[in-house]
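Colleague: Could you take a close look at one part of this model for me, the salt bridges? I'm new to this, so please spell out the terms as you go.

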Amino acid sequence: MKNGFRQSMAWLHTWCGLTCGWLLCAIMLTGTLSVFREPITRWMQARPALQEAAAADSGMAVPLEQAVRHLAQQAPGARLWRIEFPAHPGDAMLLIWRQGRTQEHAALHPVTGALLPQPWGRATEGGRHFMSFHYLLHAGMPGYWLVGWVSMCMLVGLVSGVVVHRRIFQDFFTFRPGKGQRSWLDAHNATAVTTLPFLLMIVYTGLFIFYTSYMPWPMRTVYGSEPQAHARFQGELLQHAAEPPDRSRAGEAAALVPLAPLLAQARQLLGQPARALVVEQPGDLHATVRVLGRVDENEHPSRTLLNPAGSVAFDGVSGAVLQLQRHDPGAAFATEQVHGVMESLHFARFGGWSMRWLYFFSGLVGTVMVATGTVLFSVKRRQKSGKEFGRATAGVYRCIDALGVASVAGICVACIAFFHANRLLPVELAQRPQWEIRAFLWIWLATLVHAALRPPRRAWVEQLGTAAALCLALPALNAASTGQHLLGYAGAADWQRMSVELVALGLGLALAWTAWRTQRGWRAKPVAQPRRGAAMEARA
């Protein structure tokens, strides 16, 4: 710790950034990619487009009858059936149920109700993988708490960075290329100033929406510590209408009411198209049919931050309305809505595609800010280090170099390799989504081993070059493995899947340019090795 307030903030900013920066790069990059988790999932599923598919839920009597008939044959004793309606033209109607501990799927044509070949598309975790890694690291509760700790350190780093830098406005317009350490500092300052409001918002809301987990004591004081306490708390937050009376299984068989009229009634009550229909306790006297609405922020962006989807619950035998839940946009703002507003801000659930692209580019620039901070530390210490860690100084800075390469370039390799694994793994492979995630984690670990074995300058260039090559090769691999390509997406007006490949190509070019600049810079001016010799001279 240094004397003086500003010096103390500089020390706090440096070590908060260094100890958390490695993991923060991965968390921010995966969070940035998860902004487009739906298009990524559609691209990775690679489902063929259907002809004559209808996205509207009107005239669904035939396919719904076929769906109920298929579900009654395949899962007569299931606790619930779920029917998902097409979200885009050319999509199929999906049937989902549980058979023991496994989840089963089937796909029907949304107009004719004909059963489509199985499996329909590729089983994948898709964009949900990036979102899960973003807040869990695929490590369960330890990962959840670790992400919370890193987020808190980032908030401290942002505030201390504002205190340290006196010339925030001037830093925004200052960049001196080719000046070594000075250039890295300019890049770090400029990206930090550019994204400061976004980063403060995204980190704060990310911590806020999990406050009941990080600070559970206030909720336990009011709602108790029993298992149902959190559900009651969430119900009040979401302003749920009164739950239907006890609908547990009666044990008496009863026929299910036709679903098409209920679907039309739900659309009229909600003023929204239907996203899914869930039948609870099918075939029982206490069967319940729940219709979930859809809010299409991409096609019809709302002008309000809070615009949740509604739902209607029907008696599955008589067709009577049991529960109606919908958001009233004209209602006065209540404190219970703060949680929903924070979620909308963090997940970009407003403003449509333009807002998502703004989040995406802000997230990329924020990731560059963290990456330049970790590189700046290595460059600075490589030039000025002495014997901070005694005889282990050279080894410590060698580990820091390896961690820096793996956290910045290695995570890029792992992310794009996740897409390649989706296309290269056999379609019939059991637990296919889990194997995709394993490929991501193992390749990320391999980049750390590679960075530890190779000289730092070569490791940077090789890993950046590998990430660039994988990005640029993605469209060709997709065409070779699925027959789908950019021209086909453009012809079908499938802008989401086409954008995935265009973004991959754009990022590939940017990574290739970065690798080229890195190699050229080191050739022009070899970087001095850590002053291990200086430490030995000092000891002599």
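Modeller: Here's a walk through a few of those pairs, starting with how far to trust the model. This is a predicted model, where local features need pLDDT of at least 70, side-chain atom pairs count only at pLDDT 80 or more, and totals for chains, interfaces and linings use all residues. Residues are numbered from 1 along each chain as its sequence is written, and side-chain values use heavy atoms, with hydrogens and water left out. The chain's mean pLDDT (the predictor's confidence in each residue, from 0 to 100) is 84.

Now the salt bridges, meaning a side-chain nitrogen of Lys or Arg within 4 Å of a carboxyl oxygen of Asp or Glu. The whole structure has ten. One of them joins Asp91 and Arg42, with the closest N and O atoms 3.2 Å apart. That pair links distant parts of the chain, as the two residues are 49 residues apart. Asp91 counts as buried because its relative accessibility is 18%; buried means under 20% relative accessible area, exposed over 50%, and partly exposed in between, using a 1.4 Å probe and protein chains only. Arg42 is buried too.

Next, Asp494 and Arg497 form a salt bridge with closest N and O atoms 2.7 Å apart, and both residues are buried. Through shared partners, salt bridges join Arg42, Asp91, Asp494 and Arg497 into one network.

Another pair is Asp284 and Arg249, at 3.9 Å between the closest N and O atoms. Asp284 is buried because its relative accessibility is 2%, whereas Arg249 is partly exposed, at 42%.

Key
Helices (H or I, at least four residues) and strands (E, at least two) are DSSP runs, numbered from the N terminus.
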